[in-house]
Amino acid sequence: MKILDRKNFSRYIKVPILKVSDEYLSKVTQICKPYFLKLENFKPVQNVPGNIENSSKYIYFDPDKVDKWSDIAKEDQTKLDNYDISEKDFDKHEIQLTYDNFKYDTIFKSVLPENEEIVSGFSQIGHIIHLNLREHLLEYSQLIGQVLVDKIKTCRTVVNKSNIIDNTYRNFSMEVIAGDKDFMVTVKENRCNFTFDFSKVYWNPRLCKEHERILELLQSGDVLFDVFCGVGPFAIPAAKYKCRVFANDLNPESFKWLNHNAKINKLNMNNFKSYNIDGKDFLCNNFKTFIIDCCNGTEKLEPGAKIHLTMNLPALAVEFLRHFKGLISESAAENKLTNDIIVYVYCFANGDDPYSVAKSMINDNLGENISKHILEVFKVRNVSPKKEMMRVTLKINDILFQSDAEANPEPPNKKQCLDS
């Protein structure tokens, strides 16, 4: 089926029933719950058809679990016997099922190609469901979208998104396959509200738990530099509840909604600054200046406070690590900073050993083995077979500072030109 025909799902089937008087209904229902027929828009306990007095009910059983009386567990039969219920009260009854009685996954199994992967999962952002349909399902996309709009009450729009992200602004290309062409959403995460245009910014609901993990590491008095902040899933809750935040994103749309979300979450703007610049400039100018000011006493940090940097741009973030190496010379900083500077950098690791791959990516981009500075390598989520999103946590204090000799090496001695 490529065009949804809801009438095709109507059918009559016989299912097992148990007739129970109202007097014992509540007790018997508890015994029979494991055997209930569970369908969408179907009550497993109903009035007996034609029984005007409604003095008894039918309990409908799942035919995959119970076909005959002996399929009911012996101990449950004994319990039912206490209420004078036995095989004499067991029968089969014909019911009509319609499209409204089936869940979306059951419908997909019945109408999509056999022996092929069907719609195995999706993400929901506000009223939008987004899919990554495999090529063999593209001709069924409108049917799939309409079924999801029908079956998921909070869904008004279904989009199919390619796996390819524009790495400049982290946007997916997308197509509306069902419902309203409305991309404005509001979602709640970590006790904050986020509003944005889903077609123009990046948001992944599967990263909610990871956002939460990092936020739990932040303490009052800490500082957070969010290099690729998007609409603020790290930055907004950090500034609202924990610490001082400097948030940056190159995408003008992300920057617009970041500031909007700062307002609707009523941030103390003394704790929050936003930027719309390239990540390299953010690190080499804003972050560098802040660290130098901390070293020289212009910026004050609480004793034991940490400076955190989140770099959630898995396709490219490791390439920005090179900017940390020797970023600050001894002459620029009167005192070397004693507060820990912790970086959380995300990457995609392909292969059988994603932990080793992630470490190698860090070392390669810093040009040396910095394993002693790595605090943790953590698997965030599976992206596809043999592709994992990884987070590497490292302390960069010793990487950040360089001696003046390293910053300004002496030119080599000139060789004497010998005339032949």
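The second largest pocket holds about 260 Å³ of space. Keep in mind that this is a predicted model. Below, we start with that pocket, move on to a sheet that shares β1 with it, and end with two loop residues whose backbone angles deserve a look.

**The second largest pocket**

- The lining is made up of 15 residues, and those closest to the pocket's centre are Leu37, Lys38, Leu39, Leu97 and Phe102.
- Sorted by character, the lining has 7 charged residues, 6 nonpolar ones and 2 polar ones.
- Strand β1 and helix α3 (104-111) each put at least two residues into this lining.

**The open sheet**

- Here 4 strands come together as an open sheet, and reading across you get β2-β3-β1-β4, with antiparallel pairing.
- At the edges sit β2 (45-47) and β4 (90-97), each of which pairs on one side only.
- From one strand to its neighbour, the direction turns by 45 degrees on average, if you ignore which way the strands run.
- Helix α1 (residues 25-32) packs on this sheet, where it touches β1, β2 and β3 (56-60). The direction of α1 makes about 130 degrees with that of β1.

**Where β1 meets β4**

- Strand β1 covers residues 11-21 and pairs with β4 over 8 bridges, in the antiparallel sense.
- One pair to find on screen is Arg11 with Leu97, its bridge partner in β4.
- Leu97 turns up in the pocket too, as one of the lining residues closest to the centre.

**Two loop residues with positive phi**

- Which loop holds Arg191? Look between β9 (184-189) and β10 (192-197).
- Arg191 has a phi near 65 degrees, which is a positive value in a residue other than glycine.
- Is Arg191 buried or exposed? Arg191 counts as exposed, because its relative accessibility is 60% and the cut-off for exposed is over 50%.
- Lys266 is another non-glycine residue with a positive phi, in this case near 55 degrees.
- You'll find Lys266 in the loop that runs between α7 (252-264) and β13 (272-275).
- Lys266 has 72% relative accessibility, so it counts as exposed.

Methods: Residues are numbered from 1 along each chain as its sequence is written. This is a predicted model: local features need pLDDT of at least 70, side-chain atom pairs count only at pLDDT 80 or more; totals for chains, interfaces and linings use all residues. Side-chain values use heavy atoms; hydrogens and water are left out. Two strands pair if DSSP finds at least two bridges between them. Axes are lines fitted to C-alpha atoms, for helices over the stretch in contact, and angles run from 0 to 180 degrees between N-to-C directions. Contact means heavy atoms within 4.5 Å. On a 1 Å grid over the protein atoms alone, a cavity is a set of points where a 1.4 Å probe fits but cannot get out, and a pocket is an open set with protein on both sides within 12 Å along at least five of seven lines; lining residues have an atom within 4 Å of a point. Grid points are joined across faces, edges and corners, and a volume is the space filled by probe spheres set on the points. Ala, Val, Leu, Ile, Met, Phe, Trp, Tyr, Cys and Pro count as nonpolar, Asp, Glu, Lys and Arg as charged, and the others, Gly among them, as polar. Buried means under 20% relative accessible area, exposed over 50%, partly exposed in between (1.4 Å probe, protein chains only).
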